[in-house]
Amino acid sequence: MNTEWKRNNIYFSILIGFIFTTIVFSCKKGNDNNPPPNPVPADTLTTGWSKISTGINSAILDVFFINNTDGFAVNADNNVYKSSNGGASWQKIYTSLANLVNIGMSSSSHAIVVGYNGRVLVTRNGGASFDSLTLADPLLFDIYCLNSNVAFAIGQFFWKTTDSGTTWVKGTDLGSSGKAISFIDVMTGWVAGDFGLKKTIDGGITWQTVNISPLGGASILSMQFADINKGYFAINLTSAKTVNGGASWNILHNMETNGFHDVQFLNDNIGYLTDGRYVAKTTDGGSTWQIVIRLGEGVFFELHFTDSNHGWAGSSTGAIFRYLQ
């Protein structure tokens with residue numbers, strides 16, 4: 001769950017907004033008869049969702065909660081933020097020298113953050129301090145914490161730690177940018193990205209290619225496997241589901257925007273995805289979708305739910321949206 005796509009979309013949005021604002025105010029300054037620019041449309045939120053004013057001034061690239069109260073977020077200014085009250089308020093706790101992309105947690109005290117130039121940040125005390133190390137990888141795009149000891153990361157290479165992030169073993173050279181990683185146990189997992197989809201049953205020692213040609217062969221940008229057979233994927237313009245380990249695929253939703261999307265299912269029926277300015281929800285396994293948030297400005301990137309009553313989504317404006325029932 002992921003950021004070349006994220007950062008490119010962010011910077012493009014910022015550039016367009018800057019150009020638009022400059023033109024509007026230049027015209028207004030030269031001609032007082034010009035009407036003021038149209039106000040930004042209001043956000044539309046369905047029941048249970050609220051907008052948290054975080055005080056963060058740049059895009060939220062990832063937000064992750066390990067339970068209903070304790071979570072971390074990273075933004076485009078390379079900062080790590082923490083919440084201890086379910087996202088109601090946020091505190092900046094660390095600034096990195098490299099761009100940060102993704103967060104994994106195994107407990108309220110243990111979190112790993114990864115990003116550009118192989119940067120890895122590890123906290124074992126809930127963010128009170130971080131150990132920083134650099135792996136030989138141009139961009140670590142995703143991190144998956146299986147438990148307090150074992151975690152996996154993906155970039156150009158597949159990486160594994162068995163000591164909570166202190167040391168890492170470099171695995172397969174994927175040859176192109178990895179975007180997503182999902183494991184269901186120590187031995188069985190999947191990696192996805194520009195190279196397609198690969199599966200391991202020996203903890204990442206060897207990999208076999210899974211056929212995604214029915215999906216058009218596009219790069220998988222986010223992924224979640226619930227068990228050895230059932231998986232969910234988001235690609236540039238669509239999301240899909242498999243119930244037989246990738247032997248066949250069902251399209252869940254055709255996206256309105258081309259770019260990064262996140263997808264998470266809480267059970268066989270309830271799932272969420274991000275699509276540009278929208279967060280959409282399904283309650284029937286992906287057959288139908290309802291837009292539950294529509295932004296007036298900006299776009300969404302990653303979302304995260306701890307259960308059906310608690311969820312969070314980060315936006316390019318720096319706001320975090322919280323679902324609480």
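Which residue forms a salt bridge with Lys179, and how far apart are the closest N and O atoms? The partner is Asp194, and the closest N and O atoms of the two lie 3.1 Å apart. The model is a predicted one, and this pair is a useful place to enter it. Lys179 belongs to strand β15 (residues 178-183), while Asp194 sits in the loop between β16 (189-193) and β17 (196-200). The two residues are 15 residues apart, and the pair links distant parts of the chain. Lys179 has a relative accessible area of 1%, and because buried means under 20%, Lys179 counts as buried. Asp194, at 42% relative accessibility, is partly exposed.

Salt bridges rest on a simple idea. Side chains of opposite charge can pair when their charged atoms come close. The structure holds four salt bridges, and two others can be followed here. One of them joins Lys230 to Asp268, with 2.4 Å between the closest N and O atoms. Lys230 lies in the loop between β19 and β20, and Asp268 lies in the loop between β23 (263-265) and β24 (271-275), so the pair ties together parts of the chain that are 38 residues apart in sequence. Lys230 is buried, at 16% relative accessibility, whereas Asp268 is partly exposed, at 44%.

Another salt bridge is formed by Arg124 and Asp131, whose closest N and O atoms are 2.9 Å apart. Arg124 is partly exposed, with a relative accessibility of 37%. Asp131 is also partly exposed, with a relative accessible area of 45%.

Arg124 leads to His110, since Arg124 is among the residues that His110 touches. The other residues in this set, which leaves out residues up to four places away in sequence, are Gly104, Met105, Val122, Thr123, Ser148 and Ser164. His110 is found in the loop between β7 (100-105) and β8. Is His110 buried or exposed? His110 counts as buried, because its relative accessibility is 5%. One of the residues it touches, Ser164, also takes part in a polar contact: the side chain of His110 reaches the backbone oxygen of Ser164 at 3.0 Å.

The next step is to see how strands are arranged into sheets. The loop that holds Lys230 lies between β19 and β20, and these two strands belong to an open sheet of four strands in the order β19-β20-β21-β22, with antiparallel pairing. At its edges are β19 (220-225) and β22 (250-254), each of which pairs on one side only. Neighbouring strands of this sheet are turned against each other by 20° on average, direction ignored. Between β19 and strand β20 (residues 231-235) there are five bridges, and the two strands run antiparallel. Within this pairing, Phe225 has Gly231 in β20 as its bridge partner.

Another open sheet of four strands has the order β3-β4-β5-β6, again with antiparallel pairing. Its edge strands are β3 (60-65) and β6 (91-95); each has a single partner strand, so one side of each is left without a neighbour in the sheet. From one strand to the next, the twist averages 20°. β4 and β5 run antiparallel and are joined by four bridges. In one of these, Gly71 is partnered by Ser83 in β5.

The loop between β4 (71-75) and β5 (79-83) contains Asn78. What is phi of Asn78 near? The value is near 70°, which is positive in a residue other than glycine. Most residues other than glycine have a negative phi, and most peptide bonds are trans. A positive phi is also found at Asn117, where the value is near 55°. Asn117 is in the loop between β8 (111-115) and β9 (119-123). The surroundings of the two can be set side by side: Asn78 is buried, with a relative accessible area of 13%, while Asn117 counts as exposed, at 53%.

The last stop is strand β27 (residues 300-307). Six of its eight residues are buried, so the strand is largely enclosed by the rest of the structure. β27 pairs in the antiparallel sense with strand β28 (residues 310-315), over five bridges. A hairpin of two residues joins β27 to β28. In this pairing, Phe305 stands opposite Gly311 in β28.

Technical notes:
Residues numbered from 1 in each chain as written. Predicted model: local features only at pLDDT ≥ 70, side-chain atom pairs only at ≥ 80, totals over all residues. Heavy atoms only, no water. Buried < 20%, exposed > 50% of the residue type's maximum accessible area, 1.4 Å probe, protein only. Pairing = 2+ DSSP bridges. Axes fitted to C-alpha atoms, helices over the stretch in contact; angles between N-to-C directions. Polar contact = N/O pair within 3.5 Å; in protein donor to acceptor, adjacent residues only side chain to side chain. Contact = heavy atoms within 4.5 Å. Salt bridge = Lys/Arg side-chain N within 4 Å of Asp/Glu carboxyl O.
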